[in-house]
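This report goes through a single chain, from its overall figures to selected strands, a helix and some backbone angles.

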Amino acid sequence: MTFDPRITPARSDLAAEHLKGTVEASRYVAGQDRMVATSSAPMTARAEPEAGLSSQLLRGEVFTVYDIDDDTGLAWGQARRDGYVGWVPNFMLEPVEAATHHVTALMTHCYPEPEVKTRPFDMLPMASTVTVVGQEGKWLELDTGGWVPGRHLSDALPGGDWVAIAERFAGVPYLWGGRTASGIDCSGLMQIAMYMAGLECPRDSDMQSALGQDVAGDRRRGDLAFWKGHVGVLIDPDTLLHANAFAMATVREPFDLACDRIAAQGDGALTGLRRL
């Protein structure tokens, strides 16, 4: 039986226990849930610390660990939020704690005291989750001991127009595998924006191409546009928002111009439009 290794925690030598009888492996393990303790954690497809990013995990995301490579210090497992499988630094993981709030700003600083003039010691990206244990005025205290502006956190996902959330990333640098305002890729942009609106969205563009229905008729805001290995969203019938390696940023671009440019650079024609 074939399976997608990006979303199936299985290798020839080891697989998740719940896959026993479905995939073949030398041994099966139950796995242990851990949580990302840093602002973000790099994920790679190989057990190589310097390998290119396949994705990123955000603060508070749960990651089920099935294996740890003692030589590299990397943990292999599966992210609970989107099911993505890969290797992340084990030292960035800690026991799971119940989160109380979501980060709703593109980025927010963590301060050592509830005072704007103190020097921040960390930054947390949108869609991170944290545990709030106290409040002083407009500041919320995290269980880690830091303080975050209360207006940057919410005890519920904001919901609303996911395209408007995606538009907030305009100008953010392009980063293959990125999922934050420090750097984001085309499918990461779609995924984070949809997540904040309470919508489920897989990690990669080919997976996202199964969302919704094919568009018949005129284009409209919110339509997903797909090329081989690429995705963007229409913010109006004639304008595409997408994170791309041509601009090395998230940009707004005339849709027809984007189609012509992508084809001219050898990446093929538009493969489809989908509507949620």
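How far apart are the mean positions of the positive and negative charges of the chain? The chain carries 24 positive and 37 negative charges, and their mean positions are 3 Å apart. The model is predicted, and every value below is computed from it.

**Overall figures**

The chain contains 4 helices and 25 strands. Its radius of gyration is 20 Å, and the globule rule gives 19 Å for 276 residues, so the chain is as compact as a globular protein of that length. The C-alpha trace spans about 55 × 50 × 30 Å along its principal axes.

Of the 276 residues, 51% are buried. About 13,100 Å² of the chain is exposed, and carbon and sulfur atoms supply 51% of that area. Among contacts with a separation of 6 or more, 53% are between residues 24 or more positions apart.

**Strand pairing**

Strand β3 (residues 32-36) has antiparallel pairings with β6 and with β9. To strand β6 (residues 62-69) β3 is joined by 4 bridges, and within this pairing Arg-34 stands opposite Phe-63. To strand β9 (residues 93-94) β3 is joined by 2 bridges, with Val-36 opposite Leu-93.

An open sheet of 3 strands is arranged in the order β13-β10-β17, and its pairing is antiparallel. Its edge strands, β13 and β17 (153-154), each pair on one side only. Strand β10 (residues 101-103) is joined to β13 by 2 bridges, and His-101 of this pairing stands opposite Val-130 in β13.

In a regular strand, side chains alternate between the two faces of the sheet.

**Helix α2**

Is helix α2 mostly covered or mostly exposed? Helix α2 (residues 186-196) is mostly covered, with 11 of its 11 residues buried. The buried residues include Cys-186 where the helix begins, and Met-190, Met-194, Tyr-195 and Met-196 further along. Polar side chains are also among the buried ones, including Ser-187 and Gln-191.

An α-helix has 3.6 residues a turn, so residues three or four places apart point the same way. In α2, burial is not limited to residues with such a spacing, since consecutive residues including Leu-189, Met-190 and Gln-191 are buried. After α2 comes Gly-198, which has a positive phi near 85 degrees.

**Positive phi outside glycine**

Which loop holds Ala-127? Ala-127 lies in the loop between β12 (122-125) and β13 (129-130), the latter being an edge strand of the open sheet. Although Ala-127 is not a glycine, its phi is positive, about 80 degrees. Ala-127 is buried, because its relative accessible area of 0% falls under the 20% limit.

Met-248 likewise is not a glycine and has a positive phi, about 55 degrees. Its place is the loop between β23 (239-244) and β24 (249-254). A relative accessible area of 46% lies between the 20% and 50% limits, so Met-248 is partly exposed.

The two residues are set out below.

| Residue | Phi | Loop | Relative accessible area |
|---|---|---|---|
| Ala-127 | about 80 degrees | between β12 and β13 | 0%, buried |
| Met-248 | about 55 degrees | between β23 and β24 | 46%, partly exposed |

Methods:
Residues are numbered from 1 along each chain as its sequence is written. This is a predicted model: local features need pLDDT of at least 70, side-chain atom pairs count only at pLDDT 80 or more; totals for chains, interfaces and linings use all residues. Side-chain values use heavy atoms; hydrogens and water are left out. Two strands pair if DSSP finds at least two bridges between them. The radius of gyration is taken over C-alpha atoms; the globule rule is 2.2 Å times the number of residues to the power 0.38. Buried means under 20% relative accessible area, exposed over 50%, partly exposed in between (1.4 Å probe, protein chains only). Contact means heavy atoms within 4.5 Å. Accessible areas come from the Shrake-Rupley method with a 1.4 Å probe; for residues, only the protein chains shown count as cover. Lys and Arg count as positive and Asp and Glu as negative; His and the chain ends are not counted. The place of a charge is taken as NZ of Lys, CZ of Arg, CG of Asp or CD of Glu.
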